[in-house]
Structures are given as structure tokens and as C-alpha cells.
Amino acid sequence: MAEPVANAAAPAPAPGRLRNAFGGVLCAFTLILIGVLAFSIRLFSVIKYESVIHEFDPYFNFRVTQFLSKNGIYEFWNWFDDRTWYPLGRVIGGTVYPGLTLTAGSIWWFVNALNIPLSVETVCVFTAPIFSAIASWATYLLTKEAKGTGAGLMAAAILAMVPSYISRSVAGSYDNEAVAIFALVFTFYLYVKTLNTGSLFYATLNALSYFYMVCSWGGYTFIINLIPMHVLLCIVTGRYSSRLYIAYAPLVILGTLLAALVPVVGFNAVLTSEHFASFLVFIILHVVAFVYYIKGLLTPRLFKMAMTLVITVGLAVCFAVVAILVALVASSPTKGWSGRSLSLLDPTYASKYIPIIASVSEHQPPTWPSYFMDINVLAFLVPAGIISCFLPLSDASSFMVLYLVTAVYFSGVMVRLMLVLAPAACILSGIALSSAFDVLTRSMKFQLSKLFDDGPAISGNGSPNGSSASTVNTSSSKNEKTEKSEAAPKEKQSKKNRRKDKEVTESVSVKPKKEKRLSVLPLEASIVSTLLLIALGGFYVVHCVWAAAEAYSAPSIVLTSRSREGLHVFDDFREAYAWLSHNTDVDDKVASWWDYGYQTTAMANRTVIVDNNTWNNTHIATVGTAMSSPEKAAWEIFDSLDVKYVLVVFGGLVGYPSDDINKFLWMVRIGGGEFPHIKEPDYLRDGQYRVDAQATPTMLNCLMYKLCYYRFVETDGKGFDRVRGYEIGKKHFKLTHFEEVFTTHHWMVRIYKLKPQKNRIRGKLKKLKSQSSKTSSTLAAGRKKNPWQ
């Protein structure tokens, strides 16, 4: 008997499945392209210059990674570095955030295990571009949880090119932020994922991701304060749920325990004020959870009585905890806050009390042009993204808005934290663009279908109103998660609100129709708006490529400039460090301002007095005092520190503005903070900092002036300083306690050697001999005159 025909034919796949499968493949391919874009746009520094480490701090990280790859993890944790902060030294394993070093070391070990012969330097150079691609994928995941796949792809593409992130992640920028931004975004993603799903698995992963962030960067305190703020916001606005409890409670417990395992953090995870907000919100969350628990068990009357008891006990516990925290931090002059945290809360704090923090250029507040430079057109898209987050408002979208608001504040205090603002701006801009394109494309589809059909528009389900209905939620994504987030607030409506809904049924039935009509734009407006958005995106891409190629790719160790004669390369820094490495003894100590400590140790392999770690303000103030003192007093200070060479950076000949003369007032301020005889007004003429003929005698006779301008008049016969813009005041002078041993080709780095003390002792001995000879001749003459002697 023949089988039925229906069984012979295989069932055709549903169109929806094919569409979803094709969409998944297209999404994965787009993410791969975004990763390639994020990696390749950061290679201009290698293509235009060479594969070299940039800036100052990355050289220390590179040196530590070399030590780790050569000696292993156990030696790294116990490494005492005697080439820094002489004669104090530094315990490296207990004073660094090891995340970057361990990550690059693991990559180097893995590729060498595969017999791929890459050097440690090569791995360090390309670590930042690799993690930039991974960070863009993490941004996609975070934005997808809040507003869907389209917004996620848009945000990932924007983050891959944003100049603010490129400035810290170009090839060769081997700093903590290279991996920290990925850890930051991924931790936020896992928190939002746990918030949406209530899964303990994601909550545990969130704690582990937070642990990696703690290992990578001191900015982890931003996470442990932002998430409690969001939890408190959800509690206050009546959005508490078991998912909120699961998302937060494991993070505080596991995250704090894991953070305490990092040596540089240790017990600070529970003793410093930066972490107290998380503990306070943790207590509040448990009080609220207990209230919701007993509410389901008791009658309304008993619940009211229990509420009184719970509130009383809860307030007593909160007051007790606050009293304990106050007692813990009362003994600290900064109330348990670090100097950098206080400078964020009070922007004037560093300039008043900690000049070493205020002296760092990246700790200065940004200017308005820097916002346009670093985030460009995103500044105009972010407000639209905020509006989209409120349509509708969910736990995830409220977190995005809170993240943006806090990041905007901190970026306005410290230009370095523009890097923290970048992911938030990209996410909100991606949401705005996705919502805008959704509205515009649906409007064009509706208007074109209406134009060609000459009748009421028919949607896919055959309903005349179907096309209009498809335009209601054009500002949000059409996935199931968004529908669930819309339904959640509706379930929590009170009976009073339900009665109101029944009373205004007619008005409600009218309003949606008006909203549906407003959500459809005219065809011409839709086309023009789409073209404008595409042009805006093109302008953003051009600006990002220019910033990556020109503004942020030049390594500070090698400088370039263009003139009519062509490109000029200034390789003075490596020239000076090479001279130190080949012409000085291994145990010689080199004194310079702290900016150049890491490079001197890593490239010249010489012991330095201070470096960029800036952990000992007194030691830095001592060097600043020596640079601010007259030559003899400075020689005595350096000699007491066993210094043999002094290095200064001078840009007056070639016009390099970041030289030691421009930094000199910070040396005076820092030195004067520890040694009161150094006073800033002594170096100013009528409140102005000058090095010309109007400069003060104290300025003209200090060591820094002499070391920078020694023989400078020989370059052009006038001694014209191109940075300051005038001739120097004191031109012809000689050094009595220092001798010039090396000056680079462009006079950017000058190295002096302390004259040995024995020369000065010989001078004293000559005086003593001359005095003794005079005394003996006098005595001999006396003997001739006195015959009885």
C-alpha cells in the first residue's frame, strides 16, 4: 500500500526560522568586521612609525612583563626592585595592578606554546588593539540586553572608532586601560544580564569579571559605587525584585572577597570609604527583601505591625553600621578617601593639598573642544539616546542613563576619565541611531506601500491597521525581552490605577491612534533624515580615522614635525637613554623629574631616584627642591642621595613645550610643600613666570635654569627660547659643581655629571697649605728676630 503523499514530502522550513538564521549569521559577520575595524584602526602608530612602546607608564608595565615572562609568577609576586626610588626601592608585586601584566604574559606564553616566535615587546604592543576589538563585542552584548540587537551592533561599531578610546588603546599604548575598559563594560553586561534573567550563573560570572577589573585598574571603584547607586535607585522607584537581589548580593560578597586577594588592594576592599556605599546598600537591600518576604506571609494587619518592628530594627542597624564606619575613618585626615578620590569629589582638593596629583596633565579638567575631539558627534546623539531609554524605561535602560550621568560628571573633573565616558556615550548614541533608523525605515516602508497600493496599507498579517500597529513601538526593539520589560511594570499597577484605566477607556482608545499617526513620518522627511544621519556617520568616521592616524598615533618617545623642508624626526629621548646605557656604570644613579623615571629604568637600565609611581611625596619634593635651589645647595642634596648624573629635558631650541622649564613651577610647589624655604613667589615677577631679563634672581640662579640654558646662547648668538617666545635673561655663565657630559642632537635632553668632591677638597687643601706656609714663614722670621728661642 502506497504511503500518503503528505508523508513523502519533507515539511518546508518556516520563513521565520530562515529569517532568524540569516539574521544570526549576518550579525556574527558584522561583529567580526567590527572587531577587525577596531584592531586595524589602531595600527597607524606601527605603520607610520614603528613597533614601539608609547608614553611613560607603559615602559614600566613592559619592564614588569619582561620580568614575569623570564622569572615566573612566584618571583614576580616577591620582586623587590632596587633600581627605583633609590635608596628606598619598591616591592613590585604588592604595589601594581597585575591584570595587564598577567594578561600579556599569558598571551606570550600561549603563542610561544604554539611555536609562534613573538617577543614580549611585540605582544605588549598589540595587546591594546586586541582588547579593543573584544571591548567592542562586550559593548554589543551590553547594549543588546538593554535595547536589542540593532542598537548593540550600532554601539559596537561606534566604540570601535571613538577617539577617546583610541587615545588609550593604539598599538604600543601598553597601559592598564588597555584591558580595563573591556573589563568595565563586560562587568556591566553581566550585571544587566543577571538583572534581566535572575541567574546565579551570571551573578557568579559577574563577580569574577569584577575581580579581573580589580586586578587591572584602580578605576574599579567606579563599578563598586555605580552598581549600588543603581540598586538603590531601583529600590526607591519601587522596582525591587528577586532578580535585583541575585544581581547585587553575590557581587558584594564574592567580589569583595576576591578583591581582597589582590595585593595592591588587600584589606582596603573593606576599610576605605570608596567601598562603604556598597555595604550600606547591601544592608538596605536585605531589609527590603525581608519586608517583601514577610508581606507574603502575613495578613495586612500583622504586616503593618511587623513593618514597624522591621523599620525600627533596620534603622538601628543602619545607625550602628554608620557609627562603626565613622569610627573607622575618623582617625584618617582624609576620612578614609584616597587623594585621587577626593580630587574627583572636590575638584579643588588636589590643587590645594596634593600638588603632585594636580601636576599631572591628565588629571586636569577637560575643555569643551576636547569633548568634540574625543567623542565628536556623539555629544549630539546622547540626548536622543536618553529619551529612547525612557521609551520604555526598564532596569537595564535606567542603568545606562545612570552610567552616562555619572561618567559625564567624572569626565568633567578629570580629562583622563573621558575614557570612562566613551562606552556610555557610544551605547546611548547607538540606541539613538538604532531607534531613529527604525522609525525612518518603517516610515518609508509604510509610505511606499501606501503609494503603490493606492489604498489602505496592508501589513503582513492582512489587517488594514496592521501597518499602523507596526509603527507603535518604533522607538524600541521588537524582541521578546523588550515586551517582557514593558509588561512587568503593568503587572505592578495598583487597583486605583486599574479603576482609572476603566474610567478613561474612551480617551485611551483615542490616544494610541494619535501616537500611531505621529510615529509615521512623510516619505520626503524620512529620506532626507536618513541621508543626514548617513552623512553624520560619514563625518564621524572621517574624524575618527584622522584622530587615529594623526592625533593619537605618534609615540611620545619619538617626535615628529612637518615644515617646508619635509618631515623632521626627533629621536632625542632614545639617543639620551642609549648614551646612559653605554657610557655609565650599571650602579650609577640618575636624577631627573619623576616623569622620566620609568623610561630611564626600562631603556637605560639605570637606577633612578623617583619615577612615575609617585608613592612618596617627600622623595619627589626633595628632587624638586634640588632643582629649585642654587647650584651648590643642589649639589649637596644630590650628593646625599648618591646621584652621579642629572637629566633634564629642554625644548627651547626646537619648540618642544612639555619640557622641564614649563614644569618647573610644579617642582617649586611640590618642593615647597615639604621644605618651607622654597617659596613660589620668589620665582615670579609680579605674579608672572618669566625666564627673560625680567626674571627674578632666584629663578636665574636656580639649578634648573642653569642646566637647561647652559651654553644655549651658542646656538643662535642670542639665546632665543622658542617655547617661551623671548630671549633668556642670563646668557653667559659657568657651572662650578656640575659638568655637561652629553646633549642630544636637538638639545631636547641634556645630561650633567656631578663634579667629584675630591676636587673641592684639593682646593681646600691648597688653601690650608698656603696658610700653613705663611704661618711657618712667619714663625721662621720670628725666630730670627728672637735670639733666645
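A residue counts as buried here when its relative accessible area is under 20%. By that yardstick, in this predicted model, strand β13 (residues 749–754) is mostly covered, with five of its six residues buried.

Strand β13 has partners to look at in turn. One is β7 (residues 645–649), which runs antiparallel to β13 and is joined to it by five bridges. Within that pairing, L647 has I751 of β13 as its bridge partner. Another is β12 (residues 738–743), again antiparallel to β13 and again linked through five bridges. Here E739 is matched with K753 of β13. Strands β12 and β13 form a hairpin with five residues between them, and in that hairpin W747 takes a positive phi near 65°.

Turning to the helices, α6 covers residues 99–113. Does its length add up, or what span should be expected? With 15 residues at 1.5 Å a residue, α6 should span 21 Å, and because its end C-alpha atoms sit 21 Å apart, the model agrees with that expectation.

As for which parts of α6 are tucked away, the buried residues are G99, L100, T101, T103, A104, G105 and V111. Their cover comes from several helices, including α4 (57–71), α7 (120–147), α10 (177–197) and α11 (200–216). After α6 comes N115, and its phi is positive too, near 60°.

How values were computed:
Residues are numbered from 1 along each chain as its sequence is written. This is a predicted model: local features need pLDDT of at least 70, side-chain atom pairs count only at pLDDT 80 or more; totals for chains, interfaces and linings use all residues. Side-chain values use heavy atoms; hydrogens and water are left out. Buried means under 20% relative accessible area, exposed over 50%, partly exposed in between (1.4 Å probe, protein chains only). Helices (H or I, at least four residues) and strands (E, at least two) are DSSP runs, numbered from the N terminus. Two strands pair if DSSP finds at least two bridges between them. The expected span of a helix is 1.5 Å times one less than its number of residues. Contact means heavy atoms within 4.5 Å.
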